[in-house]
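Here is a colleague's note, written for someone who is opening this structure for the first time. Please keep the sequence and the view side by side while reading the points.

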Amino acid sequence: MKGEFITVTPTTTLDPVNTAATSEVGNREALEPSSPVAVFGMDEPLRLDAGIDLAPVRIAYNTYGELNADRTNAILVCHALTGDHYAASRSPVTGKPGWWSSIIGPGKPIDTDKYFVICSNVIGGCLGSTGPASIDPETGEPYGLSLPVITIRDMVRAQAMLVERLGIETLFAVIGGSMGGMQVLQWTVSYPDKVFAALPIATGARHSAQNIAFHEVGRQAVMADPDWQGGRYFMQGKRPVKGLAVARMTAHVTYLSEMALQRKFGRNLQDREAFGFGFDADFQIESYLRHQGMTFVDRFDANSYLYMTRAMDYFDIAADYGGSLAKAFQGSQTRFCLVSFSSDWLFPTEENRAVVHALNAAAASVSFVEIDTDRGHDAFLLEEPNFFAAIEGFVSSAARARGLDR
């Protein structure tokens, strides 16, 4: 087997309330992740859509459960924009449980007593896979913006390299939400014979003009921060925390719904009984967004934020098929289930339905469910019993068809 796997044991215990320690651990995790790492050398380059062969390449990942003797029970879970590969295990950066710990585990909708679950940090990320913070072997310094622009298809190519390295020929299922859902769709188009079942959640076949606009506001906020230093802030000992915090605040609004914001915050004041007649956080929603912004900068790299948002902007499944989404899925033997949320205005139900209609036109096997909730786009990360039931029902049905429940 080519290449190698590396596991690095962390040397520092994280105090989750110490944001300086969080930032330090995050920086170390980018270069020396505490998870397993698959290393692909100069003779195993990752071919990028930008027309460049990237090598060497490191892919940080975690696995849960056991691979069966036939190697037919593997599920690849794809993370969202600011997610990571700690889907069901405690994050070494924040100390918090995995972002899908409520869904992945023994007896849960993605049951690790039955399935072997893989989750990798995407290429371009900042928690151990090759990204802007990684060291460029040609210069000995962090790539920064010299790293080629990464696409969703590049992320999937890298995941395919990892899956092959793990000795898995076909995946039982690929599952993910938001940017993770984009990866799921790309898997079914790039590797249709390697995916038995696909569960794209709260996603779309391409990024809308509105979503691109919000991303551009965020990128400009990062690049306008004087400490960004043209993407070379690592070498200057600086971090564009203010710009990245504003980018996160802007994006976070799109993850919620007006109903949820009104229910949670309304016009309630923050720790006061009257207006302060200044520009401190008078309202609870202001304080909440500022908190979201400042906690985010301690766990995420600003340059990775630029790369991840650009990858989502470039995503368009139908682009290589004359604009026909149905042609992209033509002949697919994969079983699909798409899930949307009624209050999600970032990836509204009609965008999910467009994929369903294209799959119907391609005569693919597809089911669809819209979850009624006021929690917006972020609902796929929250406790939603009907959503959990939809996942469990589809995965169990696919497992029976795959012969995994015998």
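The points below take up helix packing, a pocket and two backbone details in turn.

1. Before anything else, please bear in mind that this is a predicted model, and that residues are numbered from 1 along each chain as its sequence is written.

2. A good place to begin is helix α4, residues 209-224, together with helix α6, residues 241-255, whose axes come within 7 Å and cross at roughly 165°. Because of that angle, α4 counts as roughly antiparallel to α6, and the crossing in which α4 passes α6 is right-handed. From α4 the contact draws on Phe 214, Val 217, Gly 218, Ala 221 and Val 222, while α6 contributes Gly 243, Leu 244, Val 246, Ala 247, Thr 250 and Thr 254. Sorted by class, the residues of this contact of α4 with α6 are seven nonpolar and four polar, with no charged residue among them.

3. Helix α4 also packs against α9, here at an angle of about 160° and with the axes 10 Å apart. The two helices, α4 and α9, are therefore roughly antiparallel to each other, and α4 passes α9 in a left-handed crossing. On the α4 side the contact is made by Asn 211, Ile 212, His 215, Arg 219, Val 222 and Met 223, and on the α9 side by Ala 302, Leu 306, Thr 309, Arg 310, Met 312 and Asp 313. In the contact of α4 with α9 there are six nonpolar, three polar and three charged residues. Val 222 of α4 deserves a look in the viewer, since Val 222 is listed in the contact with α6 and is listed again in the contact with α9.

4. How are α2 and α3 set against each other? Their axes lie 9 Å apart and the helices pack at an angle of about 70°, which means that α2 is roughly perpendicular to α3; the crossing of α2 past α3 is right-handed. Ile 152, Arg 153, Met 155, Val 156, Gln 159, Ala 160 and Val 163 in α2 meet Met 179, Met 182, Gln 183, Gln 186, Trp 187 and Ser 190 in α3. By class, the contact of α2 with α3 comprises eight nonpolar residues, four polar and one charged.

5. The second largest pocket, with a volume of about 250 Å³, involves some of the helices already described. Its lining consists of 15 residues, and those nearest the centre are Asp 49, Arg 153, Gln 186, Asp 316 and Asp 320. At least two lining residues come from each of α2 (152-165), α3 (179-190) and α9 (302-314), and α3 gives the most, with three residues. The lining divides into eight nonpolar, three polar and four charged residues. Arg 153 and Gln 186, which lie among the residues nearest the centre of this pocket, also take part in the contact between α2 and α3.

6. Two backbone details should be checked as well, given that most residues other than glycine have a negative phi, and most peptide bonds are trans. The peptide bond from Ala 55 to Pro 56 is cis, with omega near -10°, and Pro 56 sits in the loop between β4 (53-54) and β5 (57-64). Ala 202, a residue other than glycine, has a positive phi near 45°, and its place is in the loop between β11 (195-201) and α4.

How values were computed:
Predicted model: local features only at pLDDT ≥ 70, side-chain atom pairs only at ≥ 80, totals over all residues. Heavy atoms only, no water. 1 Å grid on protein atoms, 1.4 Å probe; cavity = no way out; pocket = protein on both sides within 12 Å on 5 of 7 lines; lining within 4 Å. Points joined across faces, edges and corners; volume = space filled by probe spheres on them. Helix = DSSP H or I, 4+ residues; strand = E, 2+ residues; numbered from the N terminus. Nonpolar A, V, L, I, M, F, W, Y, C, P; charged D, E, K, R; others polar. Axes fitted to C-alpha atoms, helices over the stretch in contact; angles between N-to-C directions. Parallel < 35°, antiparallel > 145°, perpendicular 65-115°, else oblique. Left-handed = near helix turned anticlockwise from the far one by under 90°. Contact = heavy atoms within 4.5 Å.
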